[in-house]
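Thank you for sending this model for comment. I have set down a few points on helix packing and on pockets, to be read alongside the coordinates.

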Amino acid sequence: MGVSGASGTPYAAAVLRALLAAGESVDLVVSRASRLTLLDETGISFRDAHWQDDLVQWLEHGADGKPGTFDVDVSGVRYWAAGDLAAGPSSGSYPAKGMLIVPASTACVAGVALGLSKDLLQRAASVTLKEGRKLVVAVRETPLNGQTLKHLVSLDEAGAIVLPASPAFYAGATHIQDLVDFVAGRVLDAAGVPHRLYRRWEGELGGGPRSS
């Protein structure tokens, strides 16, 4: 899983928690730009030398910024520094089911679409595509200009799943965490990972909560 510099660190946290809850082992890459976003959105510094403590602190926060909302165990995470181009995920021989980029900035989208491999996140994404593995790109920008749309089409043509971080409301969201979990759940659906993050549509109107 890669975390790039777009706004939307709660989406990344929700996906990570759900992957670990599903018993998945996770190789994690946090870009340099995303650390600035994380600091701005949560007040949490993410440091290579203290990544476990910082990751736990981050994942324990709810989408509303309240600490201690979730209990987490990050023993299933293997962390790789973004500048480590000799890391395991930089090679196609490194075993992986696929890759999720949550959130994906337009800069990240462009780098992957053009095959720049300027850091480990982009390199791992390129490896995922060349090995024919599943790549889910949760783009989180608006509006999108023509160049970014072309890059997204290129990723789609290369076999990636382009998944805009676009929450829905039919599941009966009553809290910001519900909206975040919907997007995270759709990412996991695309990756084939089971979860119970949102109420699924069952073909009946009025399933969500109604105001009195």
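The numbered points below take up one helix pair and then two pockets.

1. The model is a predicted one, and the remarks that follow should be read in that light. The pair I looked at consists of helix α1, residues 9-21, and helix α7, residues 176-191, whose axes come within 9 Å and cross at roughly 60 degrees. The two helices are therefore oblique to each other, and α1 passes α7 in a right-handed crossing.

2. On the α1 side, this contact is made by P10, Y11, A14, V15, R17, A18 and L19, while α7 contributes Q177, L179, V180, D181, V183, A184, V187 and L188. Sorted by class, the contact has 12 nonpolar residues, together with one polar and two charged ones.

3. The largest pocket has a volume of about 600 Å³, and of the 26 residues that line it, S25, A96, K97, G98 and M99 lie nearest its centre. Strands β2 (26-30), β3 (77-80) and β4 (98-104), as well as helix α5 (120-130), each supply at least two residues of this lining, which by class has 15 nonpolar, five polar and six charged residues.

4. The second largest pocket holds about 170 Å³ of space, and its lining comprises S4, G5, S31, R32, A33, S105, A107, C108, K118, D119, L121 and Q122. Here α2 (32-42), α4 (106-114) and α5 each supply at least two lining residues, and the lining divides into four nonpolar, five polar and three charged residues.

5. Helix α5 deserves a separate mention, since at least two of its residues belong to the lining of the largest pocket and at least two to that of the second largest.

Methods: Residues numbered from 1 in each chain as written. Predicted model: local features only at pLDDT ≥ 70, side-chain atom pairs only at ≥ 80, totals over all residues. Heavy atoms only, no water. Axes fitted to C-alpha atoms, helices over the stretch in contact; angles between N-to-C directions. Helix = DSSP H or I, 4+ residues; strand = E, 2+ residues; numbered from the N terminus. Parallel < 35°, antiparallel > 145°, perpendicular 65-115°, else oblique. Left-handed = near helix turned anticlockwise from the far one by under 90°. Contact = heavy atoms within 4.5 Å. Nonpolar A, V, L, I, M, F, W, Y, C, P; charged D, E, K, R; others polar. 1 Å grid on protein atoms, 1.4 Å probe; cavity = no way out; pocket = protein on both sides within 12 Å on 5 of 7 lines; lining within 4 Å. Points joined across faces, edges and corners; volume = space filled by probe spheres on them.
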